[in-house]
Amino acid sequence: MQDTINYIHQVMQEDRFDLAFQTLDQIYPKKSEQERAQLALLAAELYALHGPELIDEGLGALMSAAELDETLAETPRFQVLRGFFLSYGEDTEDASEDALAGTQGDDTSRFFAACTLMNLGEDQQARDILHVLAEDRLPEHLKWRFHAWYGKLLDQAGEFQPAGEEYRSALRLVKVPWHQFVLSLDLSNVLLSQNELSDAQKLLEFIESYLDLVTPEQKLQYAYTLAQVHLNQSHYPDALKWIEEADRLEKELGDPSYGVALVFGQALMGLGRPAEALVHFKDALNLTETEASYCLHEIGIAHLDSDQPLEALENLQQVLRDPDYAYLPEAQADLADAEYRMGRLTEAETLAQDALEQGAVVPASLVLGNIAMDYYHLDEALNHYQRVADTAAEGGREWLVSQQMMADILVQQGFAQPDHILVHAEQALKFTDPSDDWYLTLQGYVSRAKDVLQQADQRTLN
């Protein structure tokens, strides 16, 4: 009997549920009643590992085991497996009691107890169990699952560094491509949360060859995650490509989501297509209750970029009425931008200065720089744009504007600092689209700055 159990555990290292159940079916009629009870209990464990779609089969296997040997119903393994199946249903009170019974059993029973408690949202209790669980006493096919569930628990708690370590441990042990894909996707989301974008992109590109093996839902999650990774690296064409794929899959599945609509809009904003982005931001607003202020903020910015300051002002004022919104200083800076575009410079300056003091350095400084330019206070404007360049992400829209404007101001000041003009213009050219009017202007600045520097070198040599 133990040889049979060991063989099934070995088969399960490769997730061969088909072979495991086939083996059970073959030997079941040949065993004694008590042994058949043990095999039915083992079948229930396999159903539990297969996932929530086989709950009825799992409960049926437990019922068979209890009918064959009623003493099994009092064991921690039986009770915890019953609790695990019940934890996916609506009546979960018994599931919690069964999970606690499982903590009195062996390491495998305690593993299932932790999984059950996680399903019930009792994360701290689950964590206490997994923290002291002896992985080396688990069967091989449960070891990677131990790390995967523990990683998910830490991930949900926002403890991304240890969560990533657990996912990596699981990946070192798992042998099945489908599970490798799912774990890699989980790890990619952790890397995204840690802003380790290059590593996340490499991992996602590595598992792209597995896409034919996974479900449409997992393909959707893959496309959505990769779109976010590209978006956060300002790779807007790639972000749009993958969020379009996510949107297509979502429409096929018939379950539109806030996240996909939001990222779709953000990718279009990065490509300078605010009118199209507005459609998706409004879709996102209709799909959420908790993130309404964030959507309204994005809608306000899209209106600004569409040269619709009045519409932007209305949305941004609504955002500022939410005292719990996390980006109130930034929203106020954008409101200052709306006021500026409507020609109300005094109101804009007051709002922007207050937003700057609250920490919205980049958007507030851009508005203050623009106001200073309107008053032809070039040194003051230069200071504001320099603050943007020092703070904003390289290559981003705000950073690019600051580099362009600093080059332009220094030119207006008479090429007194040609080396600085050259630096700012060349930096800006790296990220300026050749179709943009700024492109030729910046090329002219680079050429002129080089001429001035060359002439200065010649005078020095003479």
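In the predicted model, 53% of the contacts between residues at least 6 apart in sequence join residues at least 24 apart. The secondary structure of the protein comprises 25 helices and zero strands. The radius of gyration is 30 Å, well over the 23 Å that the globule rule gives for 462 residues, so the protein is more spread out than a compact globule. Along the principal axes, the C-alpha atoms occupy a box of roughly 100 × 55 × 40 Å. Of the 462 residues, 50% are buried. The exposed surface of the protein amounts to about 22,600 Å², of which carbon and sulfur atoms supply 47%.

Aromatic side chains were examined next. A total of twelve aromatic pairs was found among rings whose centres lie within 6.5 Å. One aromatic pair is formed by Phe-84 and Tyr-88, with a centre-to-centre distance of 5.3 Å and an angle of 90 degrees between the planes. This pair is classed as edge-to-face because its interplanar angle of 90 degrees is over 60. Phe-84 has a relative accessibility of 2% and is therefore buried, the limit being under 20%. Tyr-88, by contrast, has a relative accessible area of 31% and is partly exposed. Both residues of the pair belong to one aromatic cluster, which is formed by Phe-84, Phe-85, Tyr-88, Phe-111, Phe-112 and Trp-149.

Charged groups also lie over aromatic rings. The charged end of Arg-36 is placed over the ring of Tyr-28, at 5.8 Å from the ring centre. In a further arrangement of this kind, Arg-448 lies over the face of Phe-415, with a distance of 5.4 Å to the ring centre.

Backbone geometry was considered last. Most residues other than glycine have a negative phi. Asp-15 has a positive phi, near 60 degrees. This residue is located in the loop between α1 (2-12) and α2 (17-27). Because its relative accessibility is 15%, and hence under 20%, Asp-15 counts as buried. Ser-234, likewise not a glycine, has a positive phi of about 65 degrees. The loop that holds Ser-234 runs between α13 (216-232) and α14 (236-253). With a relative accessibility of 28%, Ser-234 counts as partly exposed, whereas Asp-15 is buried.

Conventions:
Residues are numbered from 1 along each chain as its sequence is written. This is a predicted model: local features need pLDDT of at least 70, side-chain atom pairs count only at pLDDT 80 or more; totals for chains, interfaces and linings use all residues. Side-chain values use heavy atoms; hydrogens and water are left out. Rings of Phe, Tyr and Trp (its six-membered ring) pair if their centres lie within 6.5 Å; planes under 30 degrees apart count as stacked, over 60 as edge-to-face and the rest as tilted. Buried means under 20% relative accessible area, exposed over 50%, partly exposed in between (1.4 Å probe, protein chains only). A charge sits over a ring if NZ of Lys or CZ of Arg is within 6 Å of the ring centre and within 35 degrees of the ring normal. Helices (H or I, at least four residues) and strands (E, at least two) are DSSP runs, numbered from the N terminus. The radius of gyration is taken over C-alpha atoms; the globule rule is 2.2 Å times the number of residues to the power 0.38. Contact means heavy atoms within 4.5 Å. Accessible areas come from the Shrake-Rupley method with a 1.4 Å probe; for residues, only the protein chains shown count as cover.
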